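Student: Before I trust any label on this model, I want to see the number behind it. Can we go through it label by label?

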Amino acid sequence: MYIEVEGGSRAAGELTIQGAKNAVLPMIAATVLCRETIVLERCPKIYDVDAMISILRQIGADVKWDGDCLTINADGVEGCEITRKEAGEVRASILFVGSLLGRNHRACICLPGGCSIGARPIDFHIQAFEKLGAAMSQEGSKICCAVERRGEEEVTLPYPSVGATENIILYSALRTGRTVLRNAAREPEIVELCCFMRSMGACISGDGTDTIHIRGVERLHGTTYQLKSDRIVFLTYAAMAAATGGEVRFRVYGDTFEREQGYLREAGCRVEAEDTGGTGETDFPYSWIRVSGADGIRAVPYLRTGPYPEFPTDAQSLFLAFLSKAYGESTLEESVFENRFLVAAQLRKMGADIEVAGQHALVRGVTRLHGGIVRATDLRSGAALMVAAAMSEGVTRIEDSHLILRGYEDPVNQMNQIGVEARYGK
């Protein structure tokens, strides 16, 4: 599958930003902890969500779509083993270990897959579970674990891993007594997971800081929860708008992305947040953010990725593409994943001047990029290539574009909505 983009047009119009991928995936895993109906509103229809749904159905949950509302009832979940191929395709499948341990005190799952952006070991998950009383073993390509003892009340992560933080929260929500997690990840998606779980009756505090407290409850109840907009998707289409010299008005739910606005302004974009508190056709509150590239793109001397609140690694590929036509030189350092500069080779095919040395990339802005045939190597590199294609001259074909669909809901339609001509092909 490929996506073909006709570059050269200035983006214009309005676009609604989808619900957050990195928030909804742990929420889907969390539904295993509840025996009542849960409704996730503004849920994005993306491949990773489909994979998580397949896993839920395999272990006995009832899952239905109604527009952009995902309804889940996990009352019938009895199994502890996940063997479907989806577990090997989506990284978030590892989160079912925490929820199955919390519900059934036992879990067995295929080793998780996902993007080819580095090793991403799950050692932090395993070490934390063992400290909290679970015995872990590996049987071929499967990880199996069972709760065998009470375990300790406190665990400190060696690194503020988002996935490990989520897994510990899921496991501890029904765990007897209290659990204190130190050096926890602070990403907004962690906060949203905790808000969602509190709406089910979980007792969690400290999210958004490096110390999270969880007091186990006897049961969780059903809830209806509206997802906030996806900050990386916002940055993607905002970068596309600015990189083409256009102006787009974005409707976002639940967050005004102050930090992300700052990154755009640093690169020379005009960003204006309009009054908040409006309501849409379904009476959900939303805000407008206007992004313009009328002044051109300015080089950013130095960007370094890191755990929140540092620059997000998921946006690094986007800015590698975005800054390739900036005035001047930019330096990006990747401190999270070792293989996340793979997209540089694809951008060079389009005329970008990018020099990679280890975990650093030097981007020298050029006056023009040209179309060509390029290949997505992971979700975020694919999004970066969409941005590059929109600001290039001619037609760009992005091969392996199914990787983009892991996190972006119908990107061709989204691009067409803002005046960037795109189409799917096989």
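**Labels and their cut-offs**

Tutor: D410 lies in the loop between β24 and α12. Helices (H or I, at least four residues) and strands (E, at least two) are DSSP runs, numbered from the N terminus. This is a predicted model, so local features need pLDDT of at least 70 and side-chain atom pairs need 80 or more, while totals for chains, interfaces and linings use all residues. Residues are numbered from 1 along each chain as its sequence is written, and side-chain values use heavy atoms, without hydrogens or water.

Student: What makes the phi of D410 worth a comment?

Tutor: Phi of D410 is near 45 degrees, a positive value in a residue other than glycine. Most residues other than glycine have a negative phi, and most peptide bonds are trans. H105 is another case, with a positive phi of about 65 degrees, in the loop between α3 (95-104) and β7. As for the peptide bonds, the one from Y308 to P309 is cis, with omega near 20 degrees, and P309 lies in the loop between β19 (302-304) and α9 (316-322).

Student: Why is D410 called partly exposed?

Tutor: The label is for values in between buried (under 20% relative accessible area) and exposed (over 50%), with a 1.4 Å probe and protein chains only. D410 has 34%, so it is partly exposed. H105, at 47%, gets that label too.

Student: How do you know that G425 is buried?

Tutor: The relative accessibility of G425 is 11%, under the limit, so G425 counts as buried. This glycine lies in strand β25 (residues 421-425). Contact means heavy atoms within 4.5 Å, and leaving aside neighbours within four places in sequence, G425 is in contact with M1 and Y2. G425 and E4 are 421 residues apart in sequence, yet 7.2 Å apart in space, C-alpha to C-alpha.

Student: What makes E4 and R397 a salt bridge?

Tutor: A salt bridge needs a side-chain nitrogen of Lys or Arg within 4 Å of a carboxyl oxygen of Asp or Glu. For E4 and R397 the N to O distance is 3.6 Å, so the pair meets that definition. E4 lies in strand β1 (residues 2-6) and R397 in strand β24 (residues 395-399), so the pair ties together parts that are 393 residues apart in sequence. E4 is buried at 16%, whereas R397 is partly exposed at 26%.

Student: How do you know that E152 and K131 make the cut?

Tutor: Their N to O distance is 3.9 Å, so it is within the limit. E152 lies in the loop between β9 and β10 (154-156) and K131 in helix α4 (residues 123-131), so the pair ties together parts 21 residues apart in sequence. D400 and R375 also form a salt bridge, with the closest N and O atoms 3.0 Å apart. D400 is in the loop between β24 and α12 (411-417) and R375 in strand β23 (residues 373-375), 25 residues apart. A search of the whole structure finds 29 salt bridges.

Student: Why does E187 have no salt bridge?

Tutor: R231, the nearest side chain of opposite charge (Lys and Arg count as positive, Asp and Glu as negative; His and the chain ends are not counted), is 5.1 Å away, so the pair fails the definition. E187 is buried all the same, in the loop between β11 (178-182) and α6 (188-199). Not counting residues up to four places away in sequence, E187 touches V162, R231, P307 and Y308.

Student: What makes β7 and β9 a strand pair?

Tutor: Two strands pair if DSSP finds at least two bridges between them. β7 and strand β9 (residues 142-147) have five, in the antiparallel sense, so they pair. One of the bridge partners in β9 is K142, matched with C110. Strand β6 (residues 81-82) and β7 have two bridges, in the parallel sense, so they qualify as well. Strand β7 (residues 106-110) is mostly covered, with four of its five residues buried.
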